[in-house]
Amino acid sequence: MHDSMTLTLNGETRIFPAPLSVAGLLGMLELDRRKVAVERNEEIVPRSAYGETLLAGGDSLEIVHFIGGG
Amino acid sequence: MDGIAQAEDTWTVAGRQFRSRLIVGTGKYKDLEETAAAIEASGAEIVTVAVRRVNLSDPKAPMLQDHVDPKKYTYLPNTAGCFTANEAVRTLRLAREAGGWNLVKLEVLGPPPTLYPDMQGTLGAAEVLIKDGFEVMVYCADDPIAAKRLEDMGCVAIMPLGAPIGSGLGIQNPAMIWMMRQQTKLPFLVDAGVGTASDAAVALELGCDAVLMNSAIAHAQNPVLMAKAMKAAVEAGRLSFLAGRMPRKMGADPSSPLTGLIR
């Protein structure tokens, strides 16, 4: 049996199964982990730690990438 | 100047050496194909990029890196849209994690319609970023006092505006740009206000190491052709600066001798 938890992703509240790592989340979202960066509760999650970083209910995540800008 | 000497005319920021004196933004283009073509035509080696939330409803949308190769161009992440030091610092920490770059462009702006650099916010953010190991190229007002503080603090390049962002008005403050150029030992760039090729040439003639622009290329009728024009203008302006212009005279001085004329 999986539990579920609520995460805030880029300002949107969504429900995910628990337990879930950052790597697992990026996989579920189908994001290329080489092209994004992740902030969890205003702290950077290093790429090297995606696998071991388990998310907790109530976490607020920012997932960003580079876009055109001046 | 001969070809060999030209090839050696480089500039250096934070220990990185560049030949092109044109830095271009990657925003405001019609699509990513046009972005890539204009950047290629500009000859730029550094491109500015913004950091934004991924659109989670469309994760497979093409990304900038697919068109503008970070291995070929030095990505210079900016803090556009940040109005506080904290937002700027969080944004650049994310940029550093996304790409591994310490070299960044800091801009903290005031509200529209001027979007004028907020120097108090900029100074605060620069201090935090430098402590956190960033190499900060800083967008600033044409304010020599603030620029000196930023230099003393440890910023790696001073980049005042020539006119409001995206205005295309050209360099409105050549005397102050020139004085600020004389004041600093750091790389010095005009970062906003260029509208057309002659404006870019003026920046280099004033002694700037390089010039940074986005709208002047992206909003031209033909961005790729304008990128090419900017490349030529920056090269011409630099050569003109190195050549040393003739003195201005308040009067005429004929180019043909006045002696030996037929009578």
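Does B:Y75 count as buried or exposed, and at what relative accessibility? In this predicted model, B:Y75 has 0% relative accessibility, so this tyrosine counts as buried. The cut-off for buried is under 20%. We will come back to B:Y75 after a walk along chain A.

Start with the fold of chain A. The chain holds one helix and five strands. Read from the N terminus, the order is β-β-α-β-β-β. Two strands thus precede the helix, and three follow, because the order is β-β-α-β-β-β and helices and strands are numbered from the N terminus.

Next come the overall dimensions. Chain A has 70 residues and a radius of gyration of 12 Å. A compact globule with 70 residues would come near 11 Å, so the value for chain A agrees with that expectation. Along the principal axes, the C-alpha atoms occupy a box of roughly 45 × 25 × 20 Å.

Now the interior and the surface. Of the 70 residues in chain A, 44% count as buried. Contacts tell about the path of the chain. Take those between residues at least 6 apart in sequence: 44% of them join residues at least 24 apart. The exposed area of chain A is about 3500 Å², and carbon and sulfur atoms supply 50% of that area. Charge is worth a look too. Chain A carries 6 positive and 10 negative charges. Their mean positions lie 10 Å apart.

Turn to the aromatic rings. A pair of aromatic rings is described by the distance of the centres and the angle of the planes. Over all chains, the count is four aromatic pairs. One of them is formed by A:F66 and B:Y75. Their ring centres are 5.6 Å apart, and the planes meet at 80 degrees. The pair is edge-to-face, because planes over 60 degrees apart count as such.

Where do these two rings sit? A:F66 lies in strand 5 (residues 60-68) of chain A. B:Y75 lies in strand 5 (residues 74-77) of chain B. The pair therefore joins two chains. Both partners are covered. A:F66 has 1% relative accessibility, so this phenylalanine counts as buried. B:Y75, as said at the start, is buried at 0%. A further ring belongs here: A:F66, B:Y75 and B:W101 form one aromatic cluster.

The backbone has some notable points. Most residues other than glycine have a negative phi, and most peptide bonds are trans. Look for departures from both habits in each chain.

Take the peptide bonds. The bond from A:A18 to A:P19 is cis, with omega near 0 degrees. A:P19 is placed in the loop between strand 2 (12-18) and helix 1 (22-28) of chain A. In chain B, the bond from B:P112 to B:P113 is cis, with omega near 5 degrees. B:P113 is found in the loop between strand 6 (103-106) and helix 5 (119-131) of chain B.

Then take phi. A:N10 is not a glycine, yet its phi is positive, at about 45 degrees. This asparagine lies in the loop between strand 1 (3-9) and strand 2 of chain A. Its relative accessibility is 9%, so A:N10 counts as buried. B:L115 is also a residue other than glycine with a positive phi, here near 50 degrees. B:L115 lies in the loop between strand 6 and helix 5 of chain B, where B:P113 is placed as well. At 26% relative accessibility, B:L115 counts as partly exposed.

Terms used: Residues are numbered from 1 along each chain as its sequence is written. Chains are lettered from A and ligands numbered from 1 in the order in which they are written. This is a predicted model: local features need pLDDT of at least 70, side-chain atom pairs count only at pLDDT 80 or more; totals for chains, interfaces and linings use all residues. Side-chain values use heavy atoms; hydrogens and water are left out. Helices (H or I, at least four residues) and strands (E, at least two) are DSSP runs, numbered from the N terminus. The radius of gyration is taken over C-alpha atoms; the globule rule is 2.2 Å times the number of residues to the power 0.38. Buried means under 20% relative accessible area, exposed over 50%, partly exposed in between (1.4 Å probe, protein chains only). Contact means heavy atoms within 4.5 Å. Accessible areas come from the Shrake-Rupley method with a 1.4 Å probe; for residues, only the protein chains shown count as cover. Lys and Arg count as positive and Asp and Glu as negative; His and the chain ends are not counted. The place of a charge is taken as NZ of Lys, CZ of Arg, CG of Asp or CD of Glu. Rings of Phe, Tyr and Trp (its six-membered ring) pair if their centres lie within 6.5 Å; planes under 30 degrees apart count as stacked, over 60 as edge-to-face and the rest as tilted.
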